[in-house]
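Me: I've got a protein model open and I keep stumbling over the vocabulary. Can we go through it together, one label at a time?

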Amino acid sequence: MACSSAPDKLGNLDLKKWRGDRGGCNDVRKGLEADFKGVEDELKGKFADTIGELLGRPDIHQLGERNTKFYVYYLSKGPQCENMQAKSESRKVILKFNAVGLLSEITYQDRPL
């Protein structure tokens, strides 16, 4: 049985470019934000593992209350490029997963985590 690799595109979103811009440090994701917003409905309801395969390992992975978890992907260059633990006001997309691991909410923010 052959293993399938993650697709290169989802709608208009170039997943290969997205995955290749770890931490948003090459400012590639900034140009993909509109395409990302266009596929939000397709992403919602998918399991965390599936999202990880599609979008790549999150820049930040946080655990929340009641078994929720959050994946954070930076959209633009900032202090996180020198140190991923640094507080960063760079734009980011935050994916919230419910207790059973399904993507339930997608938000954007500029303030530090």
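Me: Why is Arg91 called partly exposed, rather than buried or exposed?

Reply: Keep in mind that this is a predicted model. Arg91 has a relative accessible area of 24%. Buried means under 20% and exposed means over 50%, so 24% falls in between and Arg91 counts as partly exposed.

Me: And how do you know that Arg91 and Asp110 form a salt bridge?

Reply: Check the gap between the closest N and O atoms: for Arg91 and Asp110 it is 3.4 Å. The cut-off is 4 Å between a side-chain nitrogen of Lys or Arg and a carboxyl oxygen of Asp or Glu, so this pair qualifies. Arg91 sits in the loop between E4 and E5, while Asp110 is in the segment after E6, so the bridge ties together parts 19 residues apart in sequence. Asp110 is partly exposed too, at 40%.

Me: What makes a network out of Glu33, Lys37, Arg91 and Asp110?

Reply: Sharing partners does it: salt bridges with partners in common join Glu33, Lys37, Arg91 and Asp110 into one network.

Me: How many salt bridges are there by this rule?

Reply: The count is 7. One of them joins the side chains of Asp59 and Arg22, at 2.9 Å from N to O. Asp59 belongs to the loop between H4 and E3 and Arg22 to the loop between H1 and H2, so this pair links parts that are 37 residues apart in sequence.

Me: Which salt bridge does Arg29 form?

Reply: Arg29 pairs with Asp59, and their closest N and O atoms are 2.7 Å apart. Since Arg29 lies in helix H2 and Asp59 in the loop between H4 and E3, this bridge ties together parts 30 residues apart in sequence.

Me: Are Arg29 and Asp59 buried or exposed?

Reply: Put the numbers next to the cut-off. Arg29 comes in at 1% and Asp59 at 6%. Buried means under 20%, so Arg29 is buried, and so is Asp59. Arg22, at 32%, is partly exposed.

Me: On to the strands. What makes E3 and E6 edge strands?

Reply: Start with the order, E3-E4-E5-E6: these 4 strands form an open sheet with antiparallel pairing. E3 and E6 each have a single partner strand, so one side of each has no neighbour in the sheet, and that puts them at the edges. On average, neighbouring strands are turned by 20° against each other, direction ignored.

Me: How do you know that E4 and E5 pair?

Reply: Count the bridges. Pairing takes at least two, and E4 and E5 have 6, in the antiparallel sense. As an example, Val72 has Ile94 in E5 as its bridge partner. E3 and E4 pass the test as well, with 4 antiparallel bridges; there, His61 is partnered by Tyr71 in E4.

Me: Which helices lie on these strands?

Reply: H2 packs on the sheet and touches E4, E5 and E6, with its direction at about 140° to that of E6. H4 lies across E4, E5 and E6 and runs at about 10° to E4.

Me: Which residues touch the most other members in the largest nonpolar core?

Reply: That core has 20 residues, and Trp18, Phe36, Leu43, Ile51, Leu55 and Leu95 touch the most other members. Elements giving two or more residues include helix H1 (15-20), helix H2 (28-38) and strand E5 (92-97). H4 gives the largest share, 4 residues. Take Ile51: leaving aside neighbours within four places in sequence, its contacts include Leu43, Tyr71, Leu95 and Phe97.

Me: Last one: what makes the phi of Arg66 stand out?

Reply: The sign! Most residues other than glycine have a negative phi. Arg66 isn't a glycine, yet its phi is positive, about 55°. Arg66 is part of the hairpin of E3 and E4, which has 5 residues between the strands. Its relative accessibility is 77%, and exposed means over 50%, so Arg66 counts as exposed. Asp27 also has a positive phi, near 60°, and it lies in the loop between H1 and H2. At 30% relative accessible area, Asp27 is partly exposed.

Conventions: Residues are numbered from 1 along each chain as its sequence is written. This is a predicted model: local features need pLDDT of at least 70, side-chain atom pairs count only at pLDDT 80 or more; totals for chains, interfaces and linings use all residues. Side-chain values use heavy atoms; hydrogens and water are left out. A nonpolar core is a set of buried Ala, Val, Leu, Ile, Met, Phe, Trp, Tyr and Cys residues joined through side-chain atoms within 4.5 Å. Buried means under 20% relative accessible area, exposed over 50%, partly exposed in between (1.4 Å probe, protein chains only). Contact means heavy atoms within 4.5 Å. Axes are lines fitted to C-alpha atoms, for helices over the stretch in contact, and angles run from 0 to 180 degrees between N-to-C directions.
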